[in-house]
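Here is a short report for a reader new to this structure. Look over the sequence and the model first, then read on.

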Amino acid sequence: MTAETSQTLDRGLRVLKLLADTDHGLTVTELSNKLGVNRTVVYRLLATLEQHALVRRDLGGRARVGLGVLRLGRQVHPLVREAALPALRSLAEDIGATAHLTLVDGAEALAVAVVEPTWTDYHVAYRAGFRHPLDRGAAGKAILAARQGSHTEARCTLTHGELEAGASGAAAALVGVTGIEGSVGVVMLADSVPERVGPRVVDAAREVADALR
């Protein structure tokens with residue numbers, strides 16, 4: 001802590017982070033032990049966070065993340081999209097295919113940013129807001145592969161005809177970005193993805209990940 005920071009705010013944010021890391025909630029005593037402060041301080045922090053719907057307490061007294069966090073989360077997509085657009089534009093122009101940024105939304109993959117190439121005669125129409133299961137399409141499968149891997153490097157996932165007949169996809173997960181699960185990819189009208197596309201998609205995913213850190 002420095003003279004320019006708020007100890008109370010810091011503790012409140014630490015409470016939210018601790019609660020976000022557990023599926024079962026935490027008691028006042030558990031939070032007190034983890035924060036290294038007395039129970040009275042924890043009660044005050046929880047009461048304040050509850051007023052803003054950022055924390056809720058169940059009948060057993062366990063504190064959990066509140067629905068107010070969702071309202072804050074809705075503002076994340078525009079920020080992520082803005083950070084990703086330069087890399088997506090470069091990828092779309094280099095490859096001549098539609099580039100996209102996809103994030104996890106529950107059990108689905110959600111396209112939050114799409115850039116189409118400007119110089120091609122035709123390309124796949126792919127719209128922001130498009131959803132599909134995580135286990136179908138390159139974008140979702142890249143994310144699932146990252147969950148199972150070491151999370152230290154991005155790798156390219158290739159698919160064909162899983163979301164649209166005649167279309168092939170390539171995607172690489174965002175690696176090392178705290179709090180965001182997603183992937184960067186391209187979709188093209190082709191029987192297979194050209195060899196040079198995979199490394200270029202991986203590079204774009206790294207660019208976006210760096211922009212979001």
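## Strands β3 and β4

Strand β3 covers residues 98-105, and 7 bridges join it to β4. The two strands run antiparallel. This is a predicted model.

Look at where the hairpin turns. Asp-105 has Glu-108 of β4 as its bridge partner. The hairpin of β3 and β4 has 2 residues between the strands. Gly-106 takes a positive phi there, near 70 degrees.

## Strand β4 and its other partner

Strand β4 also pairs with strand β5, residues 131-133. That pairing is antiparallel too, over 3 bridges. Within it, Leu-110 stands opposite Arg-131 of β5.

How enclosed is strand β4 by the rest of the structure? The strand spans residues 108-115, and 6 of its 8 residues are buried, so β4 is largely enclosed. Buried here means under 20% relative accessible area.

In a regular strand, side chains alternate between the two faces of the sheet.

## Thr-98 in strand β3

Now turn to Thr-98, which lies in strand β3. Is Thr-98 buried or exposed? Its relative accessible area is 0%, so Thr-98 is buried.

Which backbone oxygen does the side chain of Thr-98 reach? The oxygen belongs to Val-124, and the distance is 2.7 Å. Val-124 is also among the residues in contact with Thr-98, leaving aside neighbours within four places in sequence. Others on that list include Val-114, Val-115, Glu-116 and Pro-117. His-123 and Tyr-126 are on the list as well. So are Gly-185, Val-186 and Val-187.

Note on methods. Residues are numbered from 1 along each chain as its sequence is written. This is a predicted model: local features need pLDDT of at least 70, side-chain atom pairs count only at pLDDT 80 or more; totals for chains, interfaces and linings use all residues. Side-chain values use heavy atoms; hydrogens and water are left out. Buried means under 20% relative accessible area, exposed over 50%, partly exposed in between (1.4 Å probe, protein chains only). Helices (H or I, at least four residues) and strands (E, at least two) are DSSP runs, numbered from the N terminus. Two strands pair if DSSP finds at least two bridges between them. A polar contact is a pair of N or O atoms within 3.5 Å; within protein, one must be able to donate a hydrogen and the other to accept it, and residues adjacent in sequence count only if both atoms are side-chain atoms. Contact means heavy atoms within 4.5 Å.
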